[in-house]
Amino acid sequence: MRKCVRCGLPETHARIGPDGLCTTCRRTPPPDHRAMKRRVERALRNAERVLLALSGGLDSLAALALTVRHVDEVVAVTVDTGSLHPEAWRRCALARRVTEVEWTVAGDTDNFVRLFRDRLRRNLSPCGPCSRMIRRRLRKLARETDADLIVTGHELPHGDRVLMPGDPPILRAMCGRTERERRELVREELGIDVPKLAGYTSNCVVLPFATALHPDPYGPELERLAAMARYGYIDPEDVTRIAEPPTPDLLRRLLGEAGPWLPPELKRTLEEVLNRLTSGSDPGPGNGEPRTSEPSSDASRGRSKAAG
Ligand SMILES: [Zn+2]
């Protein structure tokens, strides 16, 4: 199957021209990673007090590693969505100990668990609404803690914009840094190695289940991963492999690892999903809503990913 040489999108998902590029890649100028890094570092140096969204995944740990190099006052906050793998919690605690930053956990977990249940029951990805809920909480917390900047581990939206305006603005600290560079940062500064759970995620237990439910053979993550490749963060050859939905065996293992730590209601929801996937009684996507899930439909415009 032909694939776009820059973003890895297969021809089943994009029109690929004789030059080997998909339409979006042909329209998108190559990213200037060095300029983006300079802008990120300038924003960090200008900040006095930073609220850092820490989720124990590779991207947020890398953002923390970078932030502590430039900012004295860092408050790390973990929004407890109920969906974090116990290993992600362990890495948060470890990172806190190494960096000695202030760390708080913000929780209205029930609302997130309800969101996951409602979306997954309808075979819809919860990622977009979950990201927005997290962002609202971060903004509120930033005002309460007098932070003049929120830092997240995201690199989206793509393009040149590293700062999202707002009160306070959100800095997407991984703009201009490849996955390899993020791993190096986390290893150097925090001494932590971050394995993936499934797909690209290294912290969220819900995402692999949402991906497995999706009718697309490459799941709802494809567009986002292609955008990451387009902007030089991951290799185009890896896109379709990473986007492939996890197998029931992998989901079963994840549930075994994380199950005892999850809110009981979320654990039940994920067990239901697994049962539906393995019993073949999958009711099909969407219930009348558009098939395209939020993360993928937003990806080309550049969406924010909640969990780093
Ligand atoms: Zn492309």
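1. Let's start in the middle of the chain, with helix α3. Its buried residues are L58, D59, S60, L61, A62, A63, L64, A65, L66 and T67. That makes ten of the 13 residues of α3 buried, so the helix is largely enclosed by the rest of the structure. Please keep in mind throughout that this is a predicted model.

2. What covers α3? The cover over its buried residues includes three helices and three strands you will want to display together: α2 (33-46), α4 (86-99) and α7 (179-190), along with β1 (49-53), β2 (73-79) and β4 (149-152). The length of α3 is a handy sanity check as well. At 1.5 Å a residue, the 13 residues from 58 to 70 should span 18 Å, and the end C-alpha atoms are 19 Å apart, which agrees.

3. One of the contacts around α3 comes through L190, which is found in helix α7. L190 is buried, with a relative accessible area of 5%. Not counting residues up to four places away in sequence, L190 touches L61, A65, A95, V98, T99 and L185; L61 and A65 belong to the buried residues of α3. L190 also illustrates a long reach in sequence: T99 is 91 residues away along the chain, yet the two C-alpha atoms are 7.5 Å apart in space.

4. A88 is a second residue to click on, this time in helix α4. Is A88 buried or exposed? A88 is buried, with a relative accessible area of 0%. Leaving aside neighbours within four places in sequence, A88 is in contact with S55, G56 and N203. The C-alpha atoms of A88 and L58 are separated by 9.2 Å, with their positions 30 residues apart along the chain.

5. Now to the sheet. Six strands form an open sheet in the order β3-β2-β1-β4-β6-β5, with mixed pairing. The edge strands are β3 (102-106) and β5 (163-164), each of which pairs on one side only. As general background, strands of a sheet pair through backbone hydrogen bonds, either parallel or antiparallel.

6. Strand β1 is a good place to read the pairing in detail. Four of the five residues of β1 are buried, so this strand is largely enclosed by the rest of the structure. On one side, β1 and β2 pair in the parallel sense over five bridges, and R49 has E73 of β2 as its bridge partner. The chain crosses from β1 through α3 to β2, and this β-α-β crossover is right-handed. This ties the strands back to the helix of the opening point.

7. How many bridges join β1 to β4? Three bridges do, and the two strands run parallel. Residue by residue, V50 stands opposite L149, L51 stands opposite I150, and the bridge partner of L52 is V151.

8. Strand β4 carries the sheet onward. Three bridges join β4 to β6 (residues 170-172), again in parallel, and V151 has L171 of β6 as its bridge partner. Both faces of β4 are covered: L149 and V151 are buried on one side, and I150 and T152 are buried on the other.

9. The metal site deserves a separate look. Which atoms coordinate the zinc ion? The SG atoms of C4, C7, C22 and C25 do, at 2.2 to 2.3 Å. The angles among the four donor atoms run from 105 to 119°, and the site is tetrahedral. Along the chain, the donors follow the spacing C-x2-C-x14-C-x2-C. For two of these cysteines, burial can be stated as well: C4 is buried, with a relative accessible area of 2%, and C7 is buried, with a relative accessible area of 0%.

10. Finally, some whole-chain numbers to set these details in context. The chain has 13 helices and six strands. Of the 308 residues, 58% count as buried. Among contacts with a separation of 6 or more, residues 24 or more positions apart account for 69%.

Terms used:
Residues numbered from 1 in each chain as written. Predicted model: local features only at pLDDT ≥ 70, side-chain atom pairs only at ≥ 80, totals over all residues. Heavy atoms only, no water. Expected span 1.5 Å × (residues − 1). Buried < 20%, exposed > 50% of the residue type's maximum accessible area, 1.4 Å probe, protein only. Contact = heavy atoms within 4.5 Å. Pairing = 2+ DSSP bridges. Right-handed = clockwise from strand over helix to strand, strands pointing away. Donors = N, O, S within 2.8 Å, 3.2 Å for Na, K, Ca; no water. Tetrahedral: all angles 85-135°; square planar, octahedral: opposite > 155°, others 65-115°.
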